[in-house]
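Please look through the sequence and the model shown here before reading on. The report that comes after them is written for a reader who is new to protein structures.

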Amino acid sequence: FYEMGQQYGIQFKKLMKLMLFEVKLMAITGEKKGRDFFRPKPHHMLASIFKMRKYRKIYQKVAEEFEINIKKYYPEILELIKGMADSTKIDYRELIFVNCMVEYSLKCSAFGAAGDATLDGRPMIGMNADESKVIQKYYINVTMKPDNGYDFTATYIGGTIFPVFGMNEHGLSFASMLLFLDNEAMSTIRKPQFLKFSVLHNCKSVTEAKELFDSIPASGIGTATYVADARQLLVQEENPVLKKTIVYDNGTHRTANFPQTEELQKYVKINKLDDISFFFAKDRHRRIQNIFEKNIGNLDENVFHSIISDHGSPEDETVNKSLCVHPENTKGIKTCASGILSPNEKRMKVFEGNPCQN
């Protein structure tokens with residue numbers, strides 16, 4: 001992992017330094033009440049530049065506290081970060097900080113199907129990763145081959161260590177995103193979402209993935225995670241106080257920054273976010289379900305591509321509020337990368353930018 005971290009740093013040094021600067025700047029700019037972390041005002045950003053030196057020790061201290069949790073549940077990832085720090089000469093603690101902070105930035109749609117719901121009975125996962133302007137330039141694909149564990153390929157936000165979606169050599173498929181939930185109950189130092197990253201190099205089945213996830217405390221922020229093998233689909237939705245895991249032999253699941261499980265829906269919190277920031281989550285959530293209902297029993301890669309490319313329909317009032325996100329409809333937020341993962345075939349299709357075009 002240390003050597004993989006070194007190589008990662010060599011490949012993406014400039015990207016990582018720019019990411020670190022922008023995330024720290026956004027964190028300082030967005031700290032006051034009423035400010036939007038994702039769309040900071042230019043004059044607020046200018047004032048924040050002069051505060052960065054003052055805040056550096058604060059963020060390094062936060063990273064040291066995060067490190068305690070990471071060391072307990074996923075020590076290998078610290079070796080990866082140390083390797084990144086070695087080859088980039090970026091402070092190790094600041095790399096931990098930026099990796100924990102960027103978990104807040106993902107605004108996405110994910111869905112899966114298994115068994116009788118699909119055309120051939122084989123599970124699949126689909127996902128769109130959508131970002132604000134400051135993050136759009138960072139999407140990369142990385143293949144990792146650890147000495148111990150399984151090889152895997154995944155799509156990342158450059159400079160980070162948590163895959164948006166990916167697949168390992170056994171076909172085990174993974175996708176993860178944030179849920180807009182009330183996180184009031186989270187501790188000062190939350191459990192990072194990327195503790196689940198180890199599923200790609202440690203697991204080859206849904207059963208093994210569930211055992212791993214059960215051993216990890218609930219993520220410190222609202223999270224939805226999808227895992228599929230050749231037989232089953234696992235979905236875990238959680239926030240700091242509740243973790244709900246469902247394993248499907250047959251059926252479908254959908255998430256659009258809005259949870260499907262009723263237990264988690266009561267934690268949905270949007271009063272601090274305007275409609276664009278919330279990003280039409282309920283509309284996307286409803287749209288996936290409507291397409292699923294029309295194609296149940298016939299879901300395959302073609303239908304999944306039609307879903308990730310979908311712009312909505314007048315029949316359910318989702319025009320330009322659906323999964324394929326274009327910046328003119330969302331004040332700059334757009335789809336940066338999409339994936340269709342078919343574990344049985346060990347095939348992951350990755351679309352760069354809007355899948356309706358690329």
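The text below goes through salt bridges, strands, a pocket and a few single residues in turn.

The model is a predicted one, and what follows should be read with that in mind.

**Salt bridges**

Side chains of opposite charge can pair when their charged atoms come close. In this structure there are 14 salt bridges, and three of them are set out in the table.

| Pair | N to O distance |
|---|---|
| Asp-86 and Lys-89 | 4.0 Å |
| Asp-316 and Arg-287 | 3.1 Å |
| Lys-294 and Glu-315 | 2.4 Å |

The partners of the pair between Asp-316 and Arg-287 come from distant parts of the chain, 29 residues apart, with Asp-316 in the loop between helix 11 (301-308) and strand 11 (334-342) and Arg-287 in helix 10 (residues 281-295). Both Asp-316 and Arg-287 are buried.

Helix 10 and that loop also supply the partners of another salt bridge, formed by Lys-294 and Glu-315. Lys-294 lies in helix 10 and Glu-315 in the loop between helix 11 and strand 11, so this pair ties together parts that are 21 residues apart in sequence. Are these two partners buried or exposed? Lys-294 counts as exposed because its relative accessible area is 58%, which is over 50%, and Glu-315 counts as exposed because its value is 55%.

In the pair of Asp-86 and Lys-89, the two partners fall into separate classes of accessibility: Asp-86, at 30% relative accessibility, is partly exposed, whereas Lys-89, at 66%, is exposed. Elsewhere, salt bridges join into a network that links Glu-64, Asp-91 and Arg-93.

**Strands and their pairing**

Seven strands make up an open sheet, in the order 3-4-5-6-7-8-9 and with antiparallel pairing. At its edges are strand 3 (139-144) and strand 9 (242-248), each of which pairs on one side only. From one strand to the next, the twist averages 15°.

The edge strand 3 and strand 4 (residues 152-157) are paired in the antiparallel sense over six bridges, and within this pairing Tyr-139 stands opposite Ile-157 in strand 4.

Strand 11 and strand 12 (residues 347-352) likewise pair in the antiparallel sense, over six bridges, with Gly-339 opposite Val-350 in strand 12. These two strands form a hairpin with four residues between them, and in the turn Lys-346 has a positive phi of about 55°.

**The second largest pocket**

Rolling a probe the size of a water molecule over the atoms shows where empty space is left. The second largest pocket holds about 280 Å³ of space. Its lining has 15 residues, of which Glu-3, Met-4, Gln-7, Thr-143 and Met-144 are the closest to its centre. Which elements give two or more residues to this lining? They are helix 1 (2-29) and strand 3, and helix 1 gives the most, with seven residues. By residue type, the lining of the second largest pocket divides into eight nonpolar, four polar and three charged residues.

**Single residues worth locating**

Most residues other than glycine have a negative phi, and most peptide bonds are trans. Asn-257, however, has a positive phi, near 60°. Asn-257 is found in the loop between strand 10 (251-255) and helix 8 (262-265), and because its relative accessible area is 0%, under the 20% cut-off, it counts as buried.

Asn-320 also has a positive phi near 60°, but its place is in the loop between helix 11 and strand 11. With a relative accessible area of 40%, Asn-320 is partly exposed.

Two further residues show how parts of the chain that are separated in sequence are placed in space. Glu-301 lies in helix 11 and, at 12% relative accessibility, counts as buried. Although Glu-301 and Met-124 are 177 residues apart along the chain, their C-alpha atoms are separated by 8.0 Å. Val-62, in helix 3 (residues 52-73), is partly exposed, with a relative accessible area of 23%. The C-alpha atom of Val-62 is separated by 9.4 Å from that of Glu-94, a residue 32 positions away along the chain.

Methods:
Residues numbered from 1 in each chain as written. Predicted model: local features only at pLDDT ≥ 70, side-chain atom pairs only at ≥ 80, totals over all residues. Heavy atoms only, no water. Salt bridge = Lys/Arg side-chain N within 4 Å of Asp/Glu carboxyl O. Buried < 20%, exposed > 50% of the residue type's maximum accessible area, 1.4 Å probe, protein only. Pairing = 2+ DSSP bridges. Axes fitted to C-alpha atoms, helices over the stretch in contact; angles between N-to-C directions. 1 Å grid on protein atoms, 1.4 Å probe; cavity = no way out; pocket = protein on both sides within 12 Å on 5 of 7 lines; lining within 4 Å. Points joined across faces, edges and corners; volume = space filled by probe spheres on them. Nonpolar A, V, L, I, M, F, W, Y, C, P; charged D, E, K, R; others polar.
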